[in-house]
Structures are given as structure tokens and as C-alpha cells.
Amino acid sequence: MTTYDLVVIGSGPGGYVCAIRAAQLGLSVAVVEKDATYGGTCLNVGCIPSKALLHTSEMFDKATHDFPAFGIEVGTPRLDLPAMLAHKDAVVEANTSGVAYLFKKNKIDGIRGTGSISGPGKVRVTDTVGGTSDIEAKAIVIATGSEWTPLPGVTVDEKRIVSSTGALSLPVVPKRLVVIGAGVIGLELGSVWRRLGATVTVVEYLDRILPGMDGELAKQGQRILAKQGLTFRLASKVAGVDASGDVLKVAVEPAAGGTAETIEADIVLVAIGRRPFTEGLGLAETGIAVDDRRRVIVDEHFRTSVAGIYALGDVVRGPMLAHKAEDEGVAVAEIIAGQAGHVNYGVIPAVVYTHPEMASVGRTEEELKAAGIEYRAGKFPFSANGRARAMLEKDGFVKVLADAATDRVLGVHIIGPLAGELIGEACVLMEFAGAAEDLGRICHAHPTLSEAIKEAALAAWFKPIHL
Ligand code: FAD
Ligand code: NAI
């Protein structure tokens, strides 16, 4: 029997990054993966394919709506959906095979099969035809990720009633798409199919979209997305979907209770959140504790309740984000190798890749108010930014929140062009505990979108120049 220093179960961004860093630090490593390709949710059916479709559908939308104003005449663009989906699949393939290459390069053994923990230091692998083999490990990392949360009364068949996975591969553009959940998946994939021609209705239980994000940002986001054609049914819930006929009949009722109304749809997307995936891992048998939301409980060093077994990524507490899982992967590998791995949960950006993008890092205004922290907010609109005007990207703003007493930046929230790229600068500043004045005094190239960040920082500290 082979004994490894480390066996990682799951090859998503948490697992594969952990494996690579551990191998770089000199450990012998194996990764057990049940699926045919590496990369987990993110590379196969998550971040990567969704961003491929978001990019291409945005290009399609721009060609239709922005090109004439730019003075470019191309006629009416025609959609070649199979080619668009093929591009997405090619991007996925390039990324997943990239992980296989990195495993080879770092001498990591990739083992195809479902892993279960048969005791401390012991992993049993069941292959695709039911055969089993055992491997030993000085340390085990659970990186088994998450799965979509089902909604009672709504049976997902991945054809007409789909999860995000089905929504990434619809063979034709639906005439009417109903999205359940105005979270990140609902807004991103709702945007994709709206741009390609679907009528999209988003049903959300709460009275706002994107719970957890800064309220002002979410409100502005909703206004812009509504202008683009997304219809929002807030404070509403889906009581069930009748799939007996050719047309899906979605029963929508007020969240507080009341009369149900029927909305007709060709496709329904269920996107009400994700939950940890731990099926068949043998957690109970091994005595690994989970919380009331089925998340594997870990301490600040990612140790589970059983010695030598660690967990990270979507299967543990914290935001379900690929970069959070990756950073935890690095930290866990370093801890196992005897170093001081650490993740700063105060500076994890979140990005919604709609158009315009929405990006946040640090605390929201709501959180600061609830914590009783005195702060100053500085805002700058993209309508006053030269580069944004040239790009016809005038919607949105940057908001910098700074501590009223110390001027330290506590949060940055951006809705606007390339917000997901722009937020990186705020992360660097906050990681180094920078102040709004620091950010406002740093020289930013002109004309760039990032000048809006500088101006918002100046507004939080004293006064912006260009407003
Ligand atoms: P996963 O990526 O879920 O990987 C877990 C792996 O473990 C899987 O490959 C699974 O097959 C394997 N596995 C599970 N059990 C076993 C077992 N017993 N034996 C062997 N293998 C097993 N996040 C972002 O940051 N940015 C985005 O833009 C973004 N977009 C997304 C879009 C969609 C549509 C979805 C669904 C998610 C998106 N996410 C995004 C979230 C992101 O995908 C997850 O946060 C991330 O993949 C979590 O990484 P992980 O390594 O913890 O788990
Ligand atoms: P989510 O948690 O972002 O949003 C779910 C939404 O559904 C919430 O607004 C919630 O109030 C609503 N909801 C819950 N139950 C409902 C019901 N019965 N009826 C109507 N609405 C209901 O979850 P989502 O969008 O499924 O995404 C899952 C996770 O995947 C996210 O939390 C995020 O971490 C990750 N993700 C990240 C992306 C990114 O970083 N760009 C993109 C896509 C997913």
C-alpha cells in the first residue's frame, strides 16, 4: 500500500491548489477525484463556463446595442448558439487539462474514483466500476465542495427544470425563462439568456436582490438589470412547478403568504443557493463533526474534529467562492508542511459578473451600521469618468467606506465596467491596512476606470477633484 504525506479528496480550486502547494513544499501528494476531469465545480460547471458565456453573450449584446453608437455598422448580429457553447466547452477543456498538466509537473498522483475516509490516515477509493483500493496518508484534506440546493415541489430534470449546470448548456434559447433566486447564479445566468433573447423573470424570496452585498449597490444593480429587461418578482416564493404540459406552469405567491399566481415558462432555473457535498465520505463513521448546515467543522487551522484530517473550500464555513477555496488550499498545505498558513477573511472580494459588474471587498454600510462603527462614505460615479464615457459605460459608481476616526478603508463597493478587475486594488490597499487618503494620493494612470476609485477615496477622505 502506498503511503502519501497528503491525500486530498476533491480536485476543485481548493483541492488542486492545496495539492500543488504541498508538492511544491516537498510533500508526496495524491488527489482523489470522482469526476472524469479535474477542476471541480469551478472549472467544469461553475466559474469558467459561466464566465465564457457571460463574455460571449455580452459581446453579442454590445454588437446589437452599442456598435451603432460607436459608428460601427455590422447589420443585425446573428446568434450561432452551438458555436457559442462550443467556445465555452473549449475553454473548460483548456482549464481542466491545465490542472492535469500541473499535477504531472508537480509529480502529484491523480487517482480517479470516489474517496471515503475509512479511518485516520486511511482513504478508500471506489473506482468507476465499483472496484476498491486503499491508500494511506499522514494527512487527509477534505475538499469535496458543494452541490445546488433543491427546492421542494420543483423537480430538476436538467432539461426543462434546470440547475446552473443545465443552464450552462441549453441547446436553444428559451422564449421564457423563470429564475428562482436573485443571487449570483440567478443574475449571471439570467443575464446570459436575456442577452441571447429570452424573456427573464427572477423570483426572489427576499425583498432585495443579492443578499449580503452592500444594499445601495444591490439597489442600483437591480435598477440597471431591470432596464436591460430582467423582471424581478421580489418578496415572492415559488410554491411549485407543474411540468405536465408542454409549457411549465410556475406557481408564484407572496413570500408572506397569499394567493398564488401562475407564470408560464419554457425553462425554469433553480438557483437558491448551494450546500456542502459530503455524501459517501464516511464522516459519521470516522467521527468528523458537521454543523447544522452540513458543513464540516474546522478550527482556525482547518483541522476537523479528527486528528490529521483537514477540510477547506465550499465544504466548510465562509463564502462559497473559488478564490476563498484556493487561498485556504495554500494555507492548509503550508500548515501541514509545518509553516504558518493563514487566510485573511476580512479581505475576500466578491464579484457578480453581470453587466455592469458588481464587486465588493470588506464591510458593507449595513454591517458597519450594525456594528456601531462610525464611517465616512465617498462615492464617485462612472458618468464622471472620461474612460467610462468613451466606452459608453456610464452606469454605476465606486463607494469607499473609511473609518471616521482613523481613515482606514473598511470596505470598497463598485458597480461599473470591469468592477471585478478594479476591486483588486482595494484588496491590496486593505491587506496593507491603507487609508482613504493613501488611496486618493496614489498616482493612477489617466484615462483609466481606476481613477474612479481614487476619486471615491478622495471623497471619503476630503473632496474629489472631478465632481
Ligand atoms: P468544488 O469545486 O466543488 O470541487 C469539489 C470536487 O470534489 C469536485 O470535483 C467533486 O467531483 C469532488 N468530490 C466530491 N466528493 C468526492 C469524493 N468523495 N471523492 C472524490 N472526489 C469527490 N466562485 C467564484 O469565486 N467565482 C465565480 O465566478 C463563480 N462562479 C460560479 C458559477 C456557478 C454556476 C457555480 C455553480 C459556482 C460558481 N462559483 C464561483 C463557486 C465556485 O465554483 C466554488 O466556490 C468552488 O468551486 C469551490 O471549490 P472547492 O474546491 O471547495 O469545491
Ligand atoms: P445565492 O446564495 O447567491 O442566492 C440564492 C438566492 O435565492 C438568495 O437571494 C435567496 O434569498 C434566494 N432564495 C432562497 N430560497 C428561495 C426560494 N425558496 N424562493 C426564492 N428565492 C429563494 O446562491 P446561488 O445564486 O445559487 O449561488 C450559489 C453560490 O455559488 C453563491 O453563494 C456563490 O458563493 C457561488 N457563486 C459565485 C459566483 C461569483 O462569484 N461570481 C457566481 C455563481 C455562484
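Is Phe462 buried or exposed? In this predicted model, Phe462 has a relative accessibility of 57%, so it counts as exposed. Its sequence neighbourhood brings in Trp461, which comes out as partly exposed at 28%. The rings of Trp461 and Phe462 pair up edge-to-face, because their planes stand at 65° and the cut-off for that class is over 60; their centres are 5.8 Å apart. Lys463 joins in as well, lying over the face of Phe462 at 5.8 Å from the ring centre.

The aromatic pairs number two. Besides Trp461 and Phe462, there is a tilted pair made by Tyr38 and Phe103, with 4.7 Å from centre to centre and 55° between the planes. Tyr38 belongs to the loop between E2 and H2 and Phe103 to helix H5, so this pair ties together parts 65 residues apart in sequence. Both Tyr38 and Phe103 are buried. Elsewhere, Lys379 puts its charged end over the ring of Phe397, 4.6 Å from the centre.

Then there is ligand 1. It has 38 residues around it, and Glu33, Thr41, Lys51, Gly115 and Ala322 come nearest. Oxygen atoms of ligand 1 lie 2.8 Å from a backbone N or O atom of Ala322, 3.1 Å from a side-chain N or O atom of Lys34 and 3.2 Å from a polar backbone atom of Leu321. On its own, ligand 1 has 1,000 Å² of accessible area, and the protein covers 95% of that. Elements giving two or more residues to the shell include helices H1, H3 and H10 and strands E2 and E4, while H2 gives the most, with four. By class, the shell splits into 18 polar, 14 nonpolar and six charged residues.

Conventions
Residues numbered from 1 in each chain as written. Chains lettered and ligands numbered in written order. Predicted model: local features only at pLDDT ≥ 70, side-chain atom pairs only at ≥ 80, totals over all residues. Heavy atoms only, no water. Near = heavy atom within 4 Å. Polar contact = N/O pair within 3.5 Å; in protein donor to acceptor, adjacent residues only side chain to side chain. Areas by Shrake-Rupley, 256 points an atom, 1.4 Å probe, with all protein chains shown as cover. Nonpolar A, V, L, I, M, F, W, Y, C, P; charged D, E, K, R; others polar. Phe/Tyr/Trp six-rings, centres within 6.5 Å; stacked < 30°, edge-to-face > 60°. Buried < 20%, exposed > 50% of the residue type's maximum accessible area, 1.4 Å probe, protein only. Lys NZ or Arg CZ within 6 Å of the ring centre and 35° of its normal.
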